[in-house]
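Let's take a friendly walk through this fold together. Please have the sequence and the 3D view open as you read.

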Amino acid sequence: MARPRKSAKSKHGKRRIKKRSMILSPHNYVLISVGVLAIIIGYAVMRLENEVDGFLSLYVAPLLILGGYLEIIFAILWRGSIDTDNNSRSAG
């Protein structure tokens, strides 16, 4: 004997639609924009000095660019705290 298949419908005959939330929060987008801005500033500093052996183009600009890329990686991986009840409990 074959078992009857279960349908994807709920008790009332309507399908439930799951509410999707955004993967990244607005705070993540702010952090990503800070990282992109650091990368742009790093390349601008490298171009402004216009010397191969200069201090800014050898030390400062690469650190700004690397910091920008690390900031973007951090912003993508960062998640805020999910538990919001702790904030309301600390007030009382």
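A residue is called buried here if its relative accessible area is under 20%, exposed if over 50%, and partly exposed in between (1.4 Å probe, protein chains only). The model is a predicted one, where local features need pLDDT of at least 70 and side-chain atom pairs count only at pLDDT 80 or more, while totals for chains, interfaces and linings use all residues. Residues are numbered from 1 along each chain as its sequence is written, and side-chain values use heavy atoms, with hydrogens and water left out.

**The overall picture**

The protein chain holds three helices and zero strands, in the order α-α-α from the N terminus. Helices (H or I, at least four residues) and strands (E, at least two) are DSSP runs, numbered from the N terminus. Of the 92 residues in the protein chain, 16% are buried. Taking contacts (heavy atoms within 4.5 Å) with a separation of 6 or more, 53% are between residues 24 or more positions apart. About 8800 Å² of the protein chain is exposed, and carbon and sulfur atoms supply 62% of that area. Accessible areas come from the Shrake-Rupley method with a 1.4 Å probe, and for residues only the protein chains shown count as cover.

**Two helices that pack together**

The expected span of a helix is 1.5 Å times one less than its number of residues. Here is how H1 and H2 compare with that rule:

| Helix | Residues in helix | Expected span | C-alpha end to end |
|---|---|---|---|
| H1 | 24 residues | 34 Å | 35 Å |
| H2 | 23 residues | 33 Å | 33 Å |

Which residues of H1 are buried? They are Asn-28, Leu-31, Ile-32, Gly-35, Ile-39, Gly-42 and Val-45, and the buried residues of H1 pack against H2. On the H2 side, Ser-57, Ala-61, Ile-65, Gly-68, Ile-72 and Ala-75 are buried, and these pack against helix H1 (26-49). Just after H1, Asn-50 has a positive phi of about 60 degrees.

**A polar residue inside**

Asn-28 lies in helix H1 and has a relative accessible area of 2%, so Asn-28 counts as buried. What does its side chain meet? A polar contact of 2.6 Å links the side chains of Asn-28 and Ser-25, and the Asn-28 side chain also reaches the backbone oxygen of Trp-78 at 2.9 Å. A polar contact is a pair of N or O atoms within 3.5 Å; within protein, one must be able to donate a hydrogen and the other to accept it, and residues adjacent in sequence count only if both atoms are side-chain atoms. Setting aside neighbours within four places in sequence, Asn-28 touches Ala-75, Ile-76 and Trp-78.

**The bend and the ring pair in H2**

At Ala-61, H2 bends by about 30 degrees, with Pro-62 following within four residues; the bend is the angle between axes fitted to the seven residues ending there and the seven starting there. Pro-62 is partly exposed, at 33% relative accessibility. Its C-alpha lies 9.1 Å from that of Ile-39, 23 residues away in sequence.

The whole structure contains one aromatic pair. Phe-55 and Tyr-59 form this tilted pair, 5.5 Å centre to centre and with 40 degrees between the planes. Rings of Phe, Tyr and Trp (its six-membered ring) pair if their centres lie within 6.5 Å; planes under 30 degrees apart count as stacked, over 60 as edge-to-face and the rest as tilted. Phe-55 and Tyr-59 are four residues apart in H2, so about one helical turn separates them. Phe-55 is exposed, at a relative accessible area of 56%.
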